[in-house]
Amino acid sequence: MSSELFYQPITALAAALAEKKLTAVELTQAVIARTKATEPRIHAFNSHDEADALAQAAASDARRAAGQSLGALDGIPIALKDVIAVRNQPLTASSKMLANFVSPYDAGVTEKLRKAGAVLWGRLNCDEFAMGSSTENSAFGPTSNPWDTTRVPGGSSGGSSAALAAGSAIATLGSDTGGSIRQPAALCGVVGLKPTYGLVSRYGLIAFASSLDQIGPFARTVEDAAIVLGAIAGHDERDSTSFKTEIPDYRAALATNRGPWKLGIPKEYFAEGLDPEIAQAVEQAIAFYKAQGCEIREVSLPHTQYCLDTYYVIATAEASSNLARYDGIRYGHRAAGAKDVVDLYYQSRAEGFGAEVKRRIILGTYVLSSGYYDAYYLRAQKVRTLIRQDFLNAFKEVDALITPTSPVPAFKLGEKADPLALYLCDIYTIGVNLAGLPAISVPCGFTKSGLPIGTQIIGQPFRESSLLAIARAYEQAHSWSTKHPIL
Amino acid sequence: MNYEAVIGLEVHVQIKTQSKMFTRVAAGYGHEPNTLTDPVVLALPGALPVMNHAALDAIIKAGLLLGCEIAPVCKWDRKNYFYPDSPKNYQISQYDQPICLGGSVEIELPGAARNLMGEHKNIPLTRIHLEEDVGKLNHEDHDSLVDYNRAGTPLMEIVSDPAMHTADEAYAYLTSLRATMIYGGISDCDMEKGQLRCDANISIRPVGETKLGTKVELKNLNSISFVRDGIAHEIKRQIGLMERGGTIVQETRDYDGQTGTSQSLRSKEMAHDYRYFPDPDLMPVRVDEPWKARLRAECPELPFVKQRRFAEQYQLPYTLTSVLVWDRELADYFEETAQLAGPGKAQAAGNWIVNDLLRELTAANLTLATSRVRPAHIAGLVKLVEAGTIFTNAAKEVFIEMAATGDQPDVIAERKGLKAAPTDTNELEQWCRDAIAGNAKSAAEFRAGKEGAINALKGPVMKAAKGKANPKLVDETLRRLLAEA
Amino acid sequence: MANAPALDIDHVAKLARLALTPEEKAKYAQQLGDVLHHIAQLAKVDVSGVEPTAHATPIFNVWQEDVARPGLPVADALRNAPAQRDNMVIVPKVIE
Ligand SMILES: [Mg+2]
Ligand SMILES: [Zn+2]
């Protein structure tokens, strides 16, 4: 094994573990040591529990010694965004509101990772309640981009992308409501997959916008992403929006699904505002597919210009209601000295929530309020129908769509102070959530100043196998995933 | 000026289920505080709701029983408001697509006398929807304590049209609705346990006016009698206010059944803006014909329908049907008894049940289920009496012994020597002649038209017969002899 | 909607139970005004005859059978409660 264990993909580590060249405890120790070394500069974690992780690793080694290994993830340290419940561990959503909250239960994905033998390692920083695109909205301070620590890692799952890029975990989980997995993956040079809405259980995921939220993996390689997805996907009867569908062996499907594919290029995604270096990198990726014999076709998603508005109405409306439960009564931050229960709500929520969360709660409350519902929420839901229809129409012609993931590479911490400017970071990722589609961001190069660039591939509902195979074809012909930041 | 009251009722009925509306932790009453919770009930971060199939069955059944139109598709909405008994600070309810629309509740108004049937009416319903209950606040000296055990219990909200006009109608409506729910096995409707809760919207208007007046919402009507009293009180208050030249303000008032007074409540929300929107955590419900058919097959006959059938099929008088039909178990008990007793004996069976059995149950603090007296016992007793094997007086004794021992009536009659002796007509005729001769005054009175006087003659005959003479034969013989002379 | 009335920040903050400082009110009102101005372009979309999408993949009748399962032990249920007594959550006295 190379000295940099923490930069190895799951596939290599699983092989080493199986061949007894490595123990889960050694691997976990390496990840812990790496985390300790990088955290002062990166701050990807809100909390971690070394003793707990080492105990899980020891249990994994014992299983393997007894010939009862649970598979490719057994003994692999995986860290979770701090919006996913892990029993007896803190769950904060990077909010002062939940600074002292300890979850009494496991999320659906947490249970599944335990069943796969993964070593659950640490709660990862994010924008407060997953609201943001830079991880600067964390009550516990921002996360830095490992490629340039003066820059943001993207968001809201910035801790998930940064920890992976820094080698402080072998894979991570994030959540994606409007691009919160794919955009940070692009900005940190890792693979990020947002599954089809309903493929992965939301039970135990702190809700931001229920009809858009989806948990997905960050990984070093597409194959690793396929392995983690295989472990966390599948019906959960505790989530009414969870879909009953056969879960294929995504990893095995990579070998059989070889194309050539018909790929669509949505013209609206290559418009004004796109960084020229990113445009060029994505064009090269498209050229690669063409050279491989794929048919490349320009398609149109005519309602693209309405995605952002539709998203901000629906997401904030749902959020305003989802976040009403944080009231300082049963758990969470309770303001001192409230004169009555109404005052307790006002003060606890004023003290517990950060600026962006308050802004979105106000917007969401407004669009649902008496007299405005039809003009905003109902209308947005109808436009959402048209946006979804655009995608489904395009998929009559093509197997997948290729676009940039983010219009800009990692920007400077503190650079985007205006909320609207920050919202525009999500223009290429939001439509996917509104339409409930799967999409992946894969590294496709670097800017001249050395910042990672990602390309987004958008697939058809529940066709993750094909999406992963398309991404893998590109990845295998390029060496981006073997490059690591100098830390 | 003459005023007419307009009353609409909003009734919340807790549905009898094992688990809660949107999660599978147990639903229940009287448990230690906060022992019936889980992440969903407490609205912990990340918790998600999942519908209870049985609660849907229950409301559809309720809708079918009340003649509602069952919506082919309905959805869930969030009603957003902050209150410490509401863990999510929104209630999952149904806003613009309730599962049941229309329908009606048949009521019977008080008759001219207790034994006379009153007027029947159908009170139209607006809708019935399904939602979840909130937790319970316990108010102490300096603070309040929250118990979330009740939170999430399935709740049906049954909304009537503003179509009632008197407190008696509202009382009859609740009585009928409650019986229907209990009949359907939908709820136990125990008001003390909060399983049925009623709010009333009351307004008045000059007779002849069609526009509705300003409505006042009356809350905390926590017994059916309090509903009647509270509404009567509110109608009087509003009319008094109008007659004194006052104005009625739209408000919520709290009725205190103990003191018979009401007072205005401070508004819960500063502004009522519930910001309803479809709950994105739940999928819609589609109700197809097979589902409805399955539930229709489970629907019992409703009390008033049963009452009409009992009157026709068994020739029962109102005094019996009005008692028998309101308790499904009692009605079933009667029918079983009537079947066992055979044709023509249903009324006698009904009399035994209504007069003797119910009294016995109360006296011994028993229920139909725990009583030793089964339908076969009563049917047996009725047959013995009708056959003339035992007489009414003896039968009463047999009944008491049946209730005490559970033995069959013929066994008891045999054991206690209560069976009528085979009748020797000559001997009986002689006893009757002796009785007439010995009670000339009574005989004369009877002949003069005083019907009841005959009873004074029966005593001596029975005495002579040592109680074993057939009363029917005694009566006939006495009448014949009295007519002869 | 193109001329959406100014957002009444006091009213909305009340509905959302958020205490805001005068500075926050001014800032949010301005920022959200910009966002609402942007969102106003939704009015341009012809949505006549279009059904709203609540879920990207609508499914029906997702339920569980009515079987009670164990919930949280009281200690776990109240583990994060800011104030408790007699296994109940303490709140300032509620006057109904
Ligand atoms: Mg109501
Ligand atoms: Zn209600």
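**Where chain B meets chain C**

Colleague: Across the interface of chain B and chain C, how many residue pairs are in polar contact?

Modeller: In this predicted model, the rule finds 22 residue pairs in polar contact across the interface of chain B and chain C, with both residues of each pair at pLDDT 80 or more.

Colleague: And which elements of chain B give two or more residues to the side that touches chain C?

Modeller: Those elements of chain B are the strands β2 (51–52), β10 (136–139), β11 (143–147) and β18 (285–286), together with the helix α1 (53–65). The largest share of that side comes from β11(B), which gives five residues.

Colleague: What is the make-up of that side by class?

Modeller: The side of chain B that touches chain C has 27 nonpolar residues, alongside 13 charged and twelve polar ones.

Colleague: OK, salt bridges then: how many does the rule find across the interface of chain B and chain C?

Modeller: There are two, and one of them joins the side chains of Asp143(B) and Arg85(C), at 2.9 Å from N to O.

Colleague: Switching to strands, which strand of chain C is joined to β2(B), and is the run parallel or antiparallel?

Modeller: Strand β1 of chain C, residues 63–64, is joined to β2(B) by two bridges, and the two strands run parallel. Within that pairing, Met51(B) has Trp63(C) as its bridge partner.

Colleague: Last thing, how many residues are in contact, and what area is buried?

Modeller: On the chain B side 52 residues are in contact with 35 residues of chain C, and the area buried between the two chains is about 3900 Å², with carbon and sulfur atoms giving 60% of that area.

Conventions. Residues are numbered from 1 along each chain as its sequence is written. Chains are lettered from A and ligands numbered from 1 in the order in which they are written. This is a predicted model: local features need pLDDT of at least 70, side-chain atom pairs count only at pLDDT 80 or more; totals for chains, interfaces and linings use all residues. Side-chain values use heavy atoms; hydrogens and water are left out. Contact means heavy atoms within 4.5 Å. Buried area is the accessible area (1.4 Å probe) that two parts lose on being put together, summed over both. A salt bridge is a side-chain nitrogen of Lys or Arg within 4 Å of a carboxyl oxygen of Asp or Glu. A polar contact is a pair of N or O atoms within 3.5 Å; within protein, one must be able to donate a hydrogen and the other to accept it, and residues adjacent in sequence count only if both atoms are side-chain atoms. Helices (H or I, at least four residues) and strands (E, at least two) are DSSP runs, numbered from the N terminus. Ala, Val, Leu, Ile, Met, Phe, Trp, Tyr, Cys and Pro count as nonpolar, Asp, Glu, Lys and Arg as charged, and the others, Gly among them, as polar. Two strands pair if DSSP finds at least two bridges between them.
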